[in-house]
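Got your viewer open and ready? Let's walk through this one stop at a time, selecting as we go.

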Amino acid sequence: MRSSPRFDRGHTDDLMSFLAASPSPYHAVANAAARLEKAGFRQVSETDAWDGAAGGKFVLRGGALIAWFVPEGAAAHTPFRIIGAHTDSPSLRVKPQPDIGAYGWRQVAVEIYGGPLLNTWLDRDLGLAGRISLRDGTHRLVAVDRAVLRVPQLAVHLDRSVNTDGLKLDRQRHMQPIWGLGEPDEGDLIRFVAEESGVGAAEITGWDLMPYPVEPPGYLGRDRELVAGPRMDNLLSVHAATAALAAVANPTPDDTPAPDGTSAADEPLPYIPVVAAFDHEESGSQSDTGADGPLLGTVLERSVLSRGGTFEDRARALAGSICLSSDTGHAVHPNYGERHDPTHHPRANGGPILKVNVNMRYATDGGGRAVFAAACEKADVPWQTFVSNNAMPCGTTIGPITAARHGITTVDVGVAILSMHSARELCGADDPYLLANVLAAFLEG
Ligand code: ZN
């Protein structure tokens, strides 16, 4: 038996660095790619011919990344063990003509991306990040990592019933951030972004920009047993999956060598481990970088064919493959216990969660439960189960999409958090590394 790599609180420290350095999906995949390159993976281009060489490889496309590790001597029909996750988070996104304003305030026009808790974006100091596309066809990452924008909440004196009747926000009228004083000036925001990124404004011919909270993630609680931070849904899973894949591709011979001198680290992996980090989950996954597009299927197919495989090998590989789709779920909320199922109460630091919904909002079934339970047992990690209260609609994620699109057995798992889709979410400080340990055990087979 291989020994599982072990992650600890150092993993959670690293998660916070990853969150802070990943204000957009484009940054998240660039940071994941950098970690994989450090672990010996190399980027391959989708437009080049692929060889079937062993080793770690990854494809980057927009805000998506697919990475895989081909063990030495892997047969063409070797099945895949896949971890799925998503790189995007609900947020505000800059509109095509962003320069607006009123009453002497300069503002930036934004669209609402996904389903954020809108109130959590109020009175928060926001930076600006994303990707600019240049005249020469290249893209460049941008992050203005200081307080530039803010969506100011109306004073209580002008909204007397806000604390009794609730806050009502109009998505168009009330969510436009201010970013200074003066009259709106067409081209102003992009000129600012050009200055900040050291390119001429005329060179910028496209952009995907988003305000983000500049307050860094941090430990919280009496004994620092919690972590508060942005975008944990779902960069927490992207980070854990990347760490798990890098560890599995580079096993340390930390077990006792057998009498013949071999160790567990010498055993070939029985599966091809894969990480699939998609964009656009929060808006339905239907894009060229989303889970409902052909990206993952194409990469898996090309991996089989480049190793000399046939259509038959591809079918055999996919039929034997399993996907753990990792995303955040709901920890039981102390102030709203009645919103949760009466007997299923995922807790912070109680270990990763298995997510179940018989109507296939989650792809898990009994067989999937057994796969997850085996990985947790192997990693010696406790785990919990999430199922919705029947009176509450259940969320969904990329798991059912992956199962339906590729015909791959899929299990929905993740970490239980509070304040999902808030601009600043909350989770247990142990759960990220417990998840990483389980993901590594799963990838090892
Ligand atoms: Zn999510």
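Start by selecting Asn437, which is found in helix α10 (residues 431-444); helices here are DSSP runs of H or I with at least four residues, strands are E runs of at least two, and both are numbered from the N terminus. Asn437 is buried, with a relative accessible area of 4%. Buried means under 20% relative accessible area, exposed over 50%, and partly exposed in between, using a 1.4 Å probe and protein chains only. Now add Phe69: its C-alpha atom and that of Asn437 are separated by 18 Å, with the two positions 368 residues apart along the chain.

A quick note before going on. This is a predicted model, numbered from 1 along each chain as its sequence is written. Local features need pLDDT of at least 70 and side-chain atom pairs count only at pLDDT 80 or more, while totals for chains, interfaces and linings use all residues, and side-chain values use heavy atoms, with hydrogens and water left out.

**Into the core**

Next, select Phe41, Leu65, Leu245, Phe372, Leu439 and Phe442. These have the most contacts inside the largest nonpolar core, which has 61 residues. A nonpolar core is a set of buried Ala, Val, Leu, Ile, Met, Phe, Trp, Tyr and Cys residues joined through side-chain atoms within 4.5 Å. Which helix gives the most to this core? Color helix α5 (residues 232-249): it supplies 13 residues.

Zoom in on Leu65. Leaving aside residues up to four places away in sequence, the residues it touches (heavy atoms within 4.5 Å) include Val29, Leu36, Phe58 and Val275. Apart from the largest core lies another one, of 28 residues, with Ile112, Val148, Leu149 and Val199 among them.

**Strands and a surface patch**

Switch to cartoon view and pick strands β5 (residues 91-102) and β6 (residues 105-113). They run antiparallel and are joined by eight bridges; two strands count as paired if DSSP finds at least two bridges between them. Asp99 stands opposite Val108 in β6. The two strands form a hairpin with two residues between them, and Tyr103 in the turn has a positive phi of about 55°.

Now add strand β9 (residues 178-181), antiparallel to β6 and joined to it by three bridges. Gln107 has Ile178 in β9 as its bridge partner.

Turn on the surface and select Tyr103, Trp105 and Leu181. Together they form a nonpolar surface patch with about 460 Å² of accessible area. Such a patch takes Val, Leu, Ile, Met, Phe, Trp or Tyr residues with over 30% relative accessible area and no salt bridge, their side chains joined within 5 Å; areas come from the Shrake-Rupley method with a 1.4 Å probe. Leu181 sits in strand β9 and is exposed, at 61% relative accessible area.

**Salt bridges**

How many salt bridges are there? The count comes to 20, each being a side-chain nitrogen of Lys or Arg within 4 Å of a carboxyl oxygen of Asp or Glu.

- Asp288 and Arg61 meet at 3.3 Å, N to O. Asp288 lies in the loop between β13 (272-278) and α6 (295-306), and Arg61 in strand β2 (residues 55-61), 227 residues apart.
- Arg314 pairs with Glu301, their closest N and O atoms 3.0 Å apart. Arg314 is in helix α7 (residues 311-319) and Glu301 in helix α6, so this pair ties together parts 13 residues apart in sequence.
- Glu338 and Arg339 meet at 3.8 Å, N to O. Glu338 is exposed at 54%, while Arg339 is partly exposed at 46%.

Last stop: select Arg42, Asp51 and Lys57, which are linked in a network of salt bridges.

How values were computed: Patches are made of residues with over 30% relative accessible area and no salt bridge: like charges are joined within 9 Å, nonpolar side chains (Val, Leu, Ile, Met, Phe, Trp, Tyr) within 5 Å.
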